[in-house]
Number of protein chains: 2
Amino acid sequence: MAKAEQSDGTVGKALNVLDQVAGFGHPVRFRELLASSDYPKATLYRLLQTLVQQRMLTFDAERQTYSPGVRLVRLAHHAWQQSSLAPVARPYLDALSRSIGETVHLAQLDHSQVLYVDKRNANVPVEMFSQAGKVGPVYCTGVGKAMLAWSRIDDQTRIIEQQSFHRFTDNTLTSRRALRAELDIICSRGFAFDNEEHEPGIICVALPILSEGGRVLGGLSVTSTTARHSLDSLAALVPQLKTTVGQISEDAENWLFPEQSKTHA
Amino acid sequence: MAKAEQSDGTVGKALNVLDQVAGFGHPVRFRELLASSDYPKATLYRLLQTLVQQRMLTFDAERQTYSPGVRLVRLAHHAWQQSSLAPVARPYLDALSRSIGETVHLAQLDHSQVLYVDKRNANVPVEMFSQAGKVGPVYCTGVGKAMLAWSRIDDQTRIIEQQSFHRFTDNTLTSRRALRAELDIICSRGFAFDNEEHEPGIICVALPILSEGGRVLGGLSVTSTTARHSLDSLAALVPQLKTTVGQISEDAENWLFPEQSKTHA
DNA sequence: AAATTAAGTTTCACATAGTGGAACAAATTT
DNA sequence: AAATTTGTTCCACTATGTGAAACTTAATTT
C-alpha cells in the first residue's frame, strides 16, 4: 500500500491521466507518458483513447502527441463563472487596480495550492487565462499564507502537511515550524506579506476574503517590486484592500456561494 | 436506439454529467439533475459523488447543490496555453486591437460550435474567461461561417448537419440550403460577414486562420455596431485582418500545432 | 536490404468496478 | 401525525475495464 492517493475507479484514473498530460506543458508522446505513469501499457492506452474520444485530450496524428483538449476551456468557463469569486469580484478589482496602479491578484485555494482566478495588471492590458488558472505554492505567496492563516484548523494542518517547502529565495520559509510561526504573526497583524519569498525583488501584501461565517473564500493581493515599494508602503494600502475585500465578501454572500467541497478525512 | 450519442464507458458518463451540471449555469440540486438525466437514480448519484471527490464538481453541503469545480479552471489553463491559438496570437491581437479600436475575437471550432479563446475589447478593460471559453453558434456568427467555409468537406457536412438554425434575428440563416449558399459566397469573397444574424445592430467581418496545409486552425473577427460601421467600412479592415491572420498562422506553424482530433466517422 | 530494436496497437481469459431496482432514511409538505 | 418528496444505501448481477502477452508497425542499426 505504498500509495494512499485518491484514485477511485476508472474516472479517477482517467482524470489522473488528464492531469498528467496537462502537467507536461507540451504535446507528449505515449512513450513519455508510459514512463512516468503508474498504469500498465494497455490500461494507459485505453484511458488515453477514451479521453481523446471525449475531446478532453487532443491527439495530433502526425506527431503522435497528446495535449489537453479545448473542451476543457469550455467547461472551465462555466466553472470560473459559477464557482469562482471572479465574476463577483470583477468590478471591485477594476476599481482597486485603477486606484492603486499595481498588479492585483484574486486567488482561491484548490487542493493545497493557490489557484489564481483573476488578475489586474496596471500596465499590460490583461493576460486572461494565462494568469487565471495558474497555480502557485501556498507557503511562499501572500495570498497563500493569508488564506491558510484563516483556514479551519484541520484544513490548515492538512495543507501545511502537503507543502513542499522548496527554497525559491533566501527568504523562503522552509519548514512547517517557520510557516506556523509566520501564520500566527499574520493572524494578529491581520494581513500577510510576501517578502521576496517566492521571487527575488517581488513583494506583496495580501488579505483573506472571508464569508460572514468566517470561512475562507479566497485571497486578494497587491504585488510590487522592491524598487517601487517597501513592505511599509505596501502596508499603507491595507485599508483600501480591506474595503475591497469587504465588498467582495458581502456580494459573495448574496450570490449564494457554493461550499468548497471537503476532502474526505 | 433513440440516441446514437457518444457515451463510451464510465468516463464518458461521468463527463456527460459534468457537462450537464455546467450547462445549468447555476448551482443545481440532485433532483433537478435526475429529472433531465438519462441515468437511473443510483447511477447518477454515484457519478456525482465521484466527480465531487475528484474536485471536478463542488458540492455545497448546506444548499445541497452541485457546481463545476475549480479544478477545471486549472486544467483549462493548460489547455488554453497548449492547445489553443491564443498564446501564439496574443501579440498580434494586441496590435490589431490597438490599431482598429473595435472588439476583436479569436475563435476555434469545438464540436460543431464556435469556441472563443481570446478577445480584445477597445473600451472596456477586458472580460477574461467571461469571453474565453464561451461558445456560440457556427451558422450565424462571422467566425463560425468563416471557419466552416474553409473546413474539409466531410467536417463541413457533419457540422452543418448539427446546427439548430434557430432564428435569432430577421437576418439569421435558417436552413442548410441558405447556409451552403452563403458559404460559397464567403469562399469566393475570401471572408465572412455577420450581417446582424445573431444580434440586431451587431455586425462583423471574419477571416479563417489556415495552416500551410490549408487546414482550419481558427477564426479572427472584428465586431462593431451598425451605428458605427457599415459592412463596407468593415470590409475595408480586411487587409489588416489578412496581415494578422498571416502572422498568427505562420507562428502557429512553428509552434508545432496539435491536430484537431478527428471525430470517428 | 536484412536484422534488430523500440514504439504503438490488439487480444482475451479474468475479475474488478459499476449497475440499477428496490428498500430505506431524512427532510418537506399536507 | 400521516403523506409525499428528496436523498442515500444495499446487494445480486453483469457490463466494463484489466493487463500480460502476442502482435504490428515504424525507426535504427548492422
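Biologist: Is A:Arg74 buried or exposed?

Modeller: This is a predicted model. Buried means under 20% relative accessible area. A:Arg74 has a relative accessible area of 17%, so A:Arg74 falls under that cut-off and counts as buried.

Biologist: Which residue meets the side chain of A:Arg74 in a salt bridge at 2.4 Å, N to O?

Modeller: The pair crosses between chains, starting from helix H4 (residues 71-83) of chain A. The other end sits in strand S3 (residues 103-110) of chain B. That partner is buried, with a relative accessible area of 2%. The residue is B:Asp110.

Biologist: What is the distance between the closest N and O atoms of A:Asp19 and B:Arg71?

Modeller: A:Asp19 lies in helix H1 (residues 9-24) of chain A, and B:Arg71 in helix H4 (residues 71-83) of chain B. A:Asp19 is partly exposed at 32%, whereas B:Arg71 is buried at 5%. A salt bridge needs a nitrogen-oxygen pair within 4 Å. Here the closest N and O atoms are 2.5 Å apart.

Biologist: Which residue forms a salt bridge with B:Arg158 at 3.1 Å?

Modeller: Both partners sit in helix H7 (residues 153-161) of chain B. They are 3 residues apart, which means a separation of about one helical turn. B:Arg158 is partly exposed at 27%, and its partner is partly exposed at 24%. The partner is B:Asp155.

Biologist: How many salt bridges are there over all chains?

Modeller: The pairs above are among them, including A:Arg74 with B:Asp110 and B:Arg158 with B:Asp155. Over all chains, the count comes to 24 salt bridges.

How values were computed. Residues are numbered from 1 along each chain as its sequence is written. Chains are lettered from A and ligands numbered from 1 in the order in which they are written. This is a predicted model: local features need pLDDT of at least 70, side-chain atom pairs count only at pLDDT 80 or more; totals for chains, interfaces and linings use all residues. Side-chain values use heavy atoms; hydrogens and water are left out. Helices (H or I, at least four residues) and strands (E, at least two) are DSSP runs, numbered from the N terminus. Buried means under 20% relative accessible area, exposed over 50%, partly exposed in between (1.4 Å probe, protein chains only).
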